[in-house]
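Trainee: I have the entry open and would like to go through it with you. Could we begin with the contacts to the nucleic acid?

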Protein chains: 2
Amino acid sequence: MSTVNSLAATAALIGDPARAAMLLALLDGRAHSASDLAAIAGIAAPTASGHLVRLGAGGLVEMRAQGRHRFYRLAGRDVAAAIEELMSLSGARAAPASATAAWRRDPDLRFCRTCYDHLAGQVGMAVTDSLTRAGHIEPRGAKDWRLTSSGRLFCEKLGVDLEGAAARPGRHFARRCLDWSERRPHIAGALGAAIADTFFARGWTERLRRGRTVRLTDAGRRALARHFDAVA
Amino acid sequence: MSTVNSLAATAALIGDPARAAMLLALLDGRAHSASDLAAIAGIAAPTASGHLVRLGAGGLVEMRAQGRHRFYRLAGRDVAAAIEELMSLSGARAAPASATAAWRRDPDLRFCRTCYDHLAGQVGMAVTDSLTRAGHIEPRGAKDWRLTSSGRLFCEKLGVDLEGAAARPGRHFARRCLDWSERRPHIAGALGAAIADTFFARGWTERLRRGRTVRLTDAGRRALARHFDAVA
DNA sequence: TTGACACTTCGGCGTAGGCCGAAGTGTTGG
DNA sequence: CCAACACTTCGGCCTACGCCGAAGTGTCAA
């Protein structure tokens, strides 16, 4: 392909409103799921899927499959740089759209939410980080955590139902789950669910009426400080 | 217009092969007539005219009427920078396997060319590398070079018009500009332009009649060896 | 004034590509 | 095992836009 054509092809990839909306969302540097990006762009899932395939073929985004989700993120810093350069041209000086703006769009959701049945967002990450720091869990293999003996003690003291979690047949015990807003793995699987159950049971978190957003109560804030050595 | 739409609109302007060909031709920083650009893009005059109107409306090119001719040129350095940035994306990214094949595509252009008003390609990189090696310039911040005191001496000995360059109001003095074929920053800004002027004034480089390919003369080859400790 | 020329506007043709619903694939949980 | 779910592929509709020929506008030179 000639220089001209490859330039035009790359620019054309950015030149569609739906794809541009996706790329702008990805400018925050995090990985987003395909359905997320579809919602952001305001298009149906099949359309989004097609766009994402083309963006991948053009080398603008990378995909990582995790369970039944597929997470997409920008392929590199240079992609972000090129997009920002284009934005500065387009006069839409308005928003450096990056991290801070995207963050502000939905602060609560990013702060604390459930991912299926376990905690995600900053609170989920704080818990995971704390467990890792204290040596209560360790990465094992590509997709799992290992609960150490100290971790077992810690969970029991906290009131987490380890027996119940271990007894669930066919369910992974402690899974690494990529957190789309934090871009690092948090704790999922039966253990992640049991920990989340404990948070709800002890009144540390409350589900809001709609959606996946979760509110951290004052007691939860104190519990994070006391048990997890984390502030939120 | 929203951020998304203006980004998409600008990118779409570059994303058409005919317009991309015109923009690439205009990267030499010179003004080209409409019929010239039509020939370069390989399209009929009416089609080219339509494209040029749209490029003008998008703020990518400026028009100057002169007699019955109309000359078009890039609207600014930022336009050139954005296009170069996009090229660095599209070049090596889509086809990592065929890097050398891509090199063979336009060997002369990759060897030496102008990027708006400064030298680019291997020769531009050789100059930049030499200045860096000798401690004449250093990176400063994210996008600039700093000319050291030894660099100031070196430029004066070479006959580069430093006062003139420093006096250009509102123009960055020494800018880092991503070289799309070398994929590293070379020297741009007023200093880059002044150095390029010196190369042309001393007969080290010659502009070819069309396009931005630049020929390195035999004197230029010797000058590179003598002053820049570089072979080409 | 007339003709040559550079360029633009207009009108109509043809296709690339964006869009969605329906159906298919792979993973998770019960 | 099956149901739910996230995602993709497929097929067909439809608009946007690139393209050109013809005709219109402005400039130059005799």
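Mentor: Let us begin with His51(A), where an N or O atom of the side chain lies 2.6 Å from a phosphate oxygen of DNA strand C. Please keep in mind throughout that this is a predicted model.

Trainee: Which other atoms of the protein come up against DNA strand C, say from the backbone?

Mentor: Ala44(A) has a backbone N or O atom 3.0 Å from a phosphate oxygen of DNA strand C, and on the other chain a backbone N or O atom of Arg68(B) is 3.4 Å from a sugar or linking oxygen of that strand. The elements giving two or more residues to the surface near DNA strand C are H2 and helix H4 (45-57) of chain A, along with helix H3 (34-41), helix H4 (45-57) and strand S3 (69-74) of chain B.

Trainee: And which residues come nearest to DNA strand C?

Mentor: There are 24 residues around DNA strand C, and those that come nearest are His51(A), Arg54(A), Ser35(B), Ser49(B) and Tyr72(B). Of the atoms of DNA strand C that come within 4 Å of the protein, 77% belong to sugar and phosphate. Sorted by class, the surface near this strand has nine nonpolar, seven polar and eight charged residues.

Trainee: OK, now DNA strand D: how many residues surround it, and which are the closest?

Mentor: DNA strand D is surrounded by 23 residues, with Ser35(A), Ser49(A), Tyr72(A), His51(B) and Arg54(B) as the closest. For DNA strand D, sugar and phosphate make up 76% of the atoms that come within 4 Å of the protein. The class count for the surface near DNA strand D is 10 nonpolar, seven polar and six charged residues.

Trainee: What do the two serines of chain A do there, in terms of distances?

Mentor: Ser35(A) places a polar side-chain atom 2.4 Å from a phosphate oxygen of DNA strand D, while for Ser49(A) the distance from a polar side-chain atom to a phosphate oxygen of DNA strand D is 2.7 Å. From chain B, Arg19(B) has a side-chain N or O atom 3.2 Å from a phosphate oxygen of DNA strand D.

Trainee: Let me stay with Arg19(B): is it buried or exposed?

Mentor: Arg19(B), which is found in helix H2 of chain B, has a relative accessibility of 6% and therefore counts as buried, the cut-off being under 20% with protein chains only taken into account.

Trainee: What is Arg19(B) in contact with, apart from its sequence neighbours?

Mentor: Once neighbours within four places in sequence are left aside, Arg19(B) is in contact with Ala12(B), Leu13(B), His51(B), Arg54(B) and Leu55(B). With His51(B) there is a polar contact between the two side chains, at 3.0 Å.

Trainee: Switching to chain A, how covered is helix H2?

Mentor: Helix H2 of chain A, residues 17-26, is mostly covered, with nine of its 10 residues buried; among them are Arg19(A), Met22(A) and Leu23(A). At the start of H2(A), Asp16(A) brings a side-chain oxygen to within 3.0 Å of the backbone nitrogen of Ala18(A).

Trainee: And the sheet with S1, S2 and S3 of chain A, in what order do the strands run?

Mentor: The order is S1-S3-S2 in an open sheet of chain A with antiparallel pairing. Strand S1 (32-33) and strand S2 (61-66) are at the edges and have a single partner strand each, so one side of each lacks a neighbour in the sheet. S1(A) and S3(A) pair over two bridges, and His32(A) stands opposite Tyr72(A) in S3(A).

Trainee: Which way do the side chains point along S7 of chain A?

Mentor: They alternate along strand S7 (residues 144-147), where Trp145(A) and Leu147(A) point to one face and are buried, whereas Asp144(A) and Arg146(A) point to the other and are not. Strand S6 (residues 137-140) of chain A pairs with S7(A) in the antiparallel sense over four bridges, and Pro139(A) stands opposite Trp145(A).

Trainee: Last one, what are the overall figures for chain A?

Mentor: Chain A has 12 helices and 11 strands, and 50% of its 232 residues are buried. Its accessible surface comes to about 11,100 Å², with 52% of that belonging to carbon and sulfur atoms.

Methods. Residues numbered from 1 in each chain as written. Chains lettered and ligands numbered in written order. Predicted model: local features only at pLDDT ≥ 70, side-chain atom pairs only at ≥ 80, totals over all residues. Heavy atoms only, no water. Buried < 20%, exposed > 50% of the residue type's maximum accessible area, 1.4 Å probe, protein only. Areas by Shrake-Rupley, 256 points an atom, 1.4 Å probe, with all protein chains shown as cover. Polar contact = N/O pair within 3.5 Å; in protein donor to acceptor, adjacent residues only side chain to side chain. Near = heavy atom within 4 Å. Nonpolar A, V, L, I, M, F, W, Y, C, P; charged D, E, K, R; others polar. Pairing = 2+ DSSP bridges. Contact = heavy atoms within 4.5 Å.
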